[in-house]
Amino acid sequence: MERAGARRAGFSWTGGRHDGVTVVALAGELDIATAGALRQAVTDALAGAPEEPPLLVIDMLAVDFCDSTGLSVLVSTINGAAGAGGRAVLSGIGPRMARLLRVTGLDKRFQTYDTADDAVQALRTA
């Protein structure tokens, strides 16, 4: 089932299920203006997901910009999944995002994959 989120101030998302994993594809800017929409996107995408514990891929391929507020929401999402006994990972990290994760030291915290399919496969076989 594919779900689409409302477009809001340069941010949109789609979500769906792929081989038992929830995949949320983000687009646009992750910043203070869109942090609430990002939180809601993840909540909506996971609502009703049959797997327990949750398995989540956040696909960043179409993300143009991410500030500290966006990073904070991503950290909270990954911590929340881990706290529920599940896992959340990132995919589609571009050069800017990879640099941001390195500079902030979060490259050691986030598991990243080149594509959403790679991430789904990793979560299914872990």
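D19 sits in the loop between strand 2 and strand 3, where helices (H or I, at least four residues) and strands (E, at least two) are DSSP runs numbered from the N terminus. The model is a predicted one, in which local features need pLDDT of at least 70 and side-chain atom pairs count only at pLDDT 80 or more, while totals for chains, interfaces and linings use all residues. Residues are numbered from 1 along each chain as its sequence is written, and side-chain values use heavy atoms, with hydrogens and water left out.

D19 makes a good starting point for a tour. Its phi is near 50 degrees, a positive value in a residue other than glycine. For context, most residues other than glycine have a negative phi. D19 is also exposed, with a relative accessible area of 55%; here buried means under 20% relative accessible area, exposed over 50%, and partly exposed in between (1.4 Å probe, protein chains only). The turn that holds D19 belongs to a hairpin formed by strand 2 and strand 3, with two residues between them. These two strands pair in the antiparallel sense over eight bridges, a pairing being called when DSSP finds at least two bridges between two strands. One of the bridges joins H18 to V21 in strand 3.

Strand 3 leads on from the hairpin and is mostly covered, as seven of its 10 residues are buried. V24, in strand 3, is buried with a relative accessible area of 0%. E29, also found in strand 3, is partly exposed at 34%. The C-alpha atoms of E29 and D67 are separated by 8.5 Å, although the two residues are 38 apart along the chain. V24 and R96 are 72 residues apart in sequence, and their C-alpha atoms are 20 Å apart in space.

On to the parallel part of the fold. Strand 3 (residues 21-30) pairs with strand 4 (residues 55-66) in the parallel sense over eight bridges. Along this pairing, T22 stands opposite L56 in strand 4, and G28 has V63 of strand 4 as its bridge partner. Strand 4 in turn pairs with strand 5 (residues 87-91), again in the parallel sense, over five bridges; among the partners are V57 and V89 of strand 5. Between these two strands in the chain comes helix 2 (residues 68-83), and strand 4, helix 2 and strand 5 together make a right-handed β-α-β unit. A crossover is right-handed if, with the strands pointing away from the viewer, the path from the first strand over the helix to the second runs clockwise.

After strand 5, the loop between strand 5 and helix 3 holds I93. I93 is partly exposed, with a relative accessible area of 22%. Its C-alpha atom lies 16 Å from that of S72, a residue 21 positions away in sequence.

Next comes the interior. In soluble globular proteins, nonpolar side chains tend to be buried together. In this model the largest nonpolar core has 27 residues, and those with the most contacts inside it are F11, L26, L30, L38, M60 and L74. Such a core is a set of buried Ala, Val, Leu, Ile, Met, Phe, Trp, Tyr and Cys residues joined through side-chain atoms within 4.5 Å. Two or more residues each come from strand 2 (11-18), strand 3, helix 1 (35-46), strand 4, helix 2, strand 5 and helix 3. Helix 1 gives the largest share of this core, six residues.

Finally, the largest pocket holds about 210 Å³ of space. On a 1 Å grid over the protein atoms alone, a pocket is an open set of points where a 1.4 Å probe fits, with protein on both sides within 12 Å along at least five of seven lines; lining residues have an atom within 4 Å of a point. Grid points are joined across faces, edges and corners, and the volume is the space filled by probe spheres set on them. The lining consists of M60, L61, V63, D64, F65, C66, G94, R96, M97 and L100. Strand 4 and helix 3 (95-104) are the elements that give two or more residues to this lining, and strand 4 gives the most, with six. By class, the lining has seven nonpolar, one polar and two charged residues; Ala, Val, Leu, Ile, Met, Phe, Trp, Tyr, Cys and Pro count as nonpolar, Asp, Glu, Lys and Arg as charged, and the others, Gly among them, as polar.
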